[in-house]
Amino acid sequence: MAERKIEKSIYTELSPDDDYGAYLKLGRLLTAQEPLSDPPHPDEMLFIIQHQVAELWMKLILHEIERTMGYLRADALHRAIKCLTRVRRVQDQMFNQWKVLDTLTPDEYAEFRDVFGKASGFQSPQYRLLEFMLGNKNRGMLKVHRHHPAWHQALLERLEAPSLYEEFLLHLARAGLPVPNAAIERDFSLVREPSGEVVEVLRTIYADPSAHWARYEVCEALMDVGNNFQFWRFHHMKTVERIIGHKRGTGGSSGVAFLKRAIEQEFFPELIQVRTEIGQ
């Protein structure tokens with residue numbers, strides 16, 4: 001193989017403060033993997049990196065959903081759609097990550113599972129923020145984060161604020177569509193029962209997409225995000241089942257049974273219900 005010569009224009013006189021590693025804080029990032037098994041089990045590194053990368057992707061999803069909600073408040077639907085498209089692509093990455101963890105066998109995991117103590121993905125504050133943003137509100141979940149005041153406060157604020165879907169309903173109301181007051185003037189910390197009046201508003205959009213094209217696209221983008229979240233949940237459940245069977249979770253949950261119940265919680269139920277109404 002011929003030697004590849006470095007181009008003369010490439011910077012080689014660098015300092016630790018202004019190069020690639022400095023920009024990405026690689027010194028901190030690549031030393032954040034600290035296996036607790038002693039001696040370190042070789043597969044614990046996989047487990048740590050898998051979950052750290054998932055948290056980074058979730059950070060980006062939260063960032064993009066926050067932007068989406070800002071655009072919905074400004075009635076800038078095309079910008080909101082662009083952000084939701086990015087969320088869906090990030091979700092694809094998170095979903096495909098499970099294929100890597102699927103290579104971990106039950107006996108390998110059992111050799112270092114005990115080092116977690118009470119730690120569990122259920123305790124991820126970012127995951128809970130994401131669920132709150134998507135409308136799965138539950139004040140009882142706050143108690144898991146009482147020992148971290150900053151996270152607890154962030155979760156409380158998100159619990160009491162409109163969700164992504166509710167920001168869309170508020171936009172529809174501003175646009176003159178007959179969204180009932182009960183859906184948008186309420187305590188947003190409570191889960192609202194699906195409304196037939198909201199379904200009718202959505203049915204109006206689906207009955208004439210060309211007249212409501214941007215709103216129609218937001219509806220479909222929301223469905224994609226909700227479905228991708230469910231696909232992620234399902235693969236999570238099957239990965240856990242494959243590795244630990246029906247053992248209890250490290251955080252005290254029932255494990256697979258708990259994860260199965262989570263799959264039954266649908267986001268945006270009115271967007272699902274309107275599909276039943278279309279064509280009837």
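In this predicted model, the structure holds 15 salt bridges. Three of these pairs are a good place to start, together with a small network of charged side chains.

One of the salt bridges brings together the side chains of E166 and R186, with an N to O distance of 2.3 Å. The two partners come from distant parts of the chain: E166 belongs to helix α8 (residues 164-174), while R186 sits in the loop between α9 (181-184) and α10 (196-207), 20 residues apart. Their surroundings can be read from the accessible areas. E166 is buried, at a relative accessible area of 6%, and R186 is partly exposed, at 22%.

The loop between α9 and α10 also supplies a partner to the C-terminal helix listed here, α13. R192 and E270 form a salt bridge whose closest N and O atoms are 2.7 Å apart. Because E270 lies in helix α13 (residues 269-277) and R192 in that loop, the pair ties together parts 78 residues apart in sequence. Both side chains of this bridge belong to buried residues: E270 has a relative accessibility of 1%, and R192 has one of 18%.

Helix α13 takes part in a further link through R275, which forms a salt bridge with E220; here the closest N and O atoms are 2.4 Å apart. E220 is located in helix α11 (residues 213-244) and R275 in helix α13, so that distant parts of the chain, 55 residues apart, are linked. E220 counts as partly exposed at 26% relative accessibility, and R275 is likewise partly exposed, with a relative accessible area of 32%. Elsewhere, E64, R67 and R86 are joined into one network by salt bridges that share partners.These bridges sit within a helical framework. The chain contains 13 helices and zero strands, and from the N terminus on its elements run α-α-α-α-α-α-α-α-α-α-α-α-α. Along the principal axes, the C-alpha atoms fill a box of roughly 65 × 55 × 40 Å. Of the contacts between residues at least 6 apart in sequence, 70% join residues at least 24 apart.

Turning to the surface and the overall charge, buried residues account for 40% of the 280 residues in the chain. The chain exposes about 16300 Å², of which carbon and sulfur atoms supply 56%. It carries 35 positive and 39 negative side chains, and the centres of the two sets lie 1 Å apart.

Key
Residues are numbered from 1 along each chain as its sequence is written. This is a predicted model: local features need pLDDT of at least 70, side-chain atom pairs count only at pLDDT 80 or more; totals for chains, interfaces and linings use all residues. Side-chain values use heavy atoms; hydrogens and water are left out. Helices (H or I, at least four residues) and strands (E, at least two) are DSSP runs, numbered from the N terminus. Buried means under 20% relative accessible area, exposed over 50%, partly exposed in between (1.4 Å probe, protein chains only). Contact means heavy atoms within 4.5 Å. Accessible areas come from the Shrake-Rupley method with a 1.4 Å probe; for residues, only the protein chains shown count as cover. Lys and Arg count as positive and Asp and Glu as negative; His and the chain ends are not counted. The place of a charge is taken as NZ of Lys, CZ of Arg, CG of Asp or CD of Glu. A salt bridge is a side-chain nitrogen of Lys or Arg within 4 Å of a carboxyl oxygen of Asp or Glu.
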